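Trainee: I would like to go through the labels on this structure. Can we set each one against its definition?

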Amino acid sequence: MAPLHVLVCCQRGLAWIPVIFINLVVCWSYYAYVVELCIYTIPNTEEQVIYLVVFHICFVLFMWSYWKTIISKPSNPSKAFSLPKAEKEEYEKEERPEAQQEILKKVARSLSICTCTGSGAIRYCNRCQVIKPDRCHHCSTCDKCVLKMDHHCPWVNNCVGFSNYKFFVLFLAYSMLYCIFIASTVLQYFIMFWTNQLPDTHAKFHVLFLFFLAAMFFISILSLFSYHIWLVAKNRTTIEAFRAPVFRNGADKNGFTLGYYKNFAQVFGDQKKYWCLPIYSRVNVNTTRGSMWHTFLYQRSTSTGLKRLTGNAAHVDNFEFLWLPSTICLNMYLNKLNCTQFCQVSANQ
């Protein structure tokens with residue numbers, strides 16, 4: 001029997017097959033469109049230039065967002081969610097589930113976690129040995145807990161979650177744009193080849209197959225993109241859409257919604273000029289305060305005992321924009337924009 005590490009390496013290697021397949025298809029589509037269609041088939045130079053310019057814009061945005069989704073490492077819970085050494089030893093020695101839950105509850109008090117299991121227990125990952133932050137789930141493929149986990153996507157060989165969900169949605173959008181642009185511009189030459197209005201050259205196969213492939217991928221991606229836009233509008237993940245998160249007062253599928261605009265801003269950032277680019281845009285930087293301060297938006301909730309943090313805050317109805325030191329914001333950023341674990345200090349201190 002092969003050693004375990006050899007099997008793990010083989011499994012990781014095989015996981016890249018869907019990614020390699022997608023890149024091969026994209027490379028072929030690039031060759032077919034640029035060389036076979038634009039250079040060998042289209043006779044008009046002006047039409048060639050326009051098609052090539054727009055095509056390359058779509059191609060760059062598509063591949064940029066795709067590879068950003070792939071290379072962005074999933075965000076994991078910080079060390080603050082690990083059990084302290086004494087409590088960890090006590091937890092491991094204890095065999096009774098009730099006693100283990102008491103240990104977890106004692107540690108979780110300082111974290112102010114809002115969600116729990118269906119039975120009301122603290123959500124704890126025995127594999128990663130951490131208390132799960134809100135919206136965090138363990139990915140069996142990545143073998144780690146992922147913040148705001150949506151799903152594990154084999155086509156990007158990565159977990160889609162807090163760190164790359166914006167990139168994933170943009171990848172779907174730009175792949176649709178890429179496919180519909182190819183299909184719409186190839187259509188007239190597809191008809192000409194199909195009706196024998198153009199000579200039967202080696203470009204015929206590429207043009208015919210290019211149209212079918214682009215149309216097929218567009219239709220399949222359209223439903224997935226529409227579904228994820230709906231999830232963004234509702235501020236839900238795929239996991240939460242199938243199983244509503246459980247709070248102290250019961251399950252609530254709308255427990256994290258902030259309103260349509262703020263739900264989109266939580267994923268794409270509050271600077272609209274960066275919404276269409278696959279770059280990090282969730283954080284604003286205020287450079288007028290002597291050091292790096294960041295703007296975060298969170299919903300105030302008296303039911304969970306949320307207090308205003310130290311720092312300057314601007315009230316907007318039931319929401320607050322907070323400018324906090326970068327050290328605090330880094331932890332908040334890595335823990336789903338959840339301010340509750342940092343709410344131990346009141347504003348007058």
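Mentor: Start with burial. Buried means under 20% relative accessible area, exposed over 50%, and partly exposed in between (1.4 Å probe, protein chains only). The model is predicted: local features need pLDDT of at least 70, side-chain atom pairs count only at pLDDT 80 or more, and totals for chains, interfaces and linings use all residues. Residues are numbered from 1 along each chain as its sequence is written, and side-chain values use heavy atoms, with hydrogens and water left out.

Trainee: Why does Asn235 count as buried?

Mentor: Its relative accessibility is 4%. The cut-off is under 20%. So Asn235 is buried.

Trainee: Where is Asn235 found?

Mentor: In the loop between helix H7 (203-234) and helix H8 (238-242). Helices here are DSSP runs of H or I, at least four residues; strands are runs of E, at least two; both are numbered from the N terminus.

Trainee: What is notable about phi of Asn235?

Mentor: Phi is near 55°, a positive value, and Asn235 is not a glycine. Most residues other than glycine have a negative phi. Asn157 also has a positive phi, about 50°. Asn157 sits in the loop between strand E6 (151-153) and strand E7 (158-160).

Trainee: Why is Asn157 called buried or exposed?

Mentor: Buried, because its relative accessibility is 18%, and the limit is under 20%.

Trainee: And Leu24: what makes it count as exposed?

Mentor: Leu24 has 55% relative accessibility. Exposed starts over 50%. Therefore Leu24 is exposed. Leu24 lies in helix H2.
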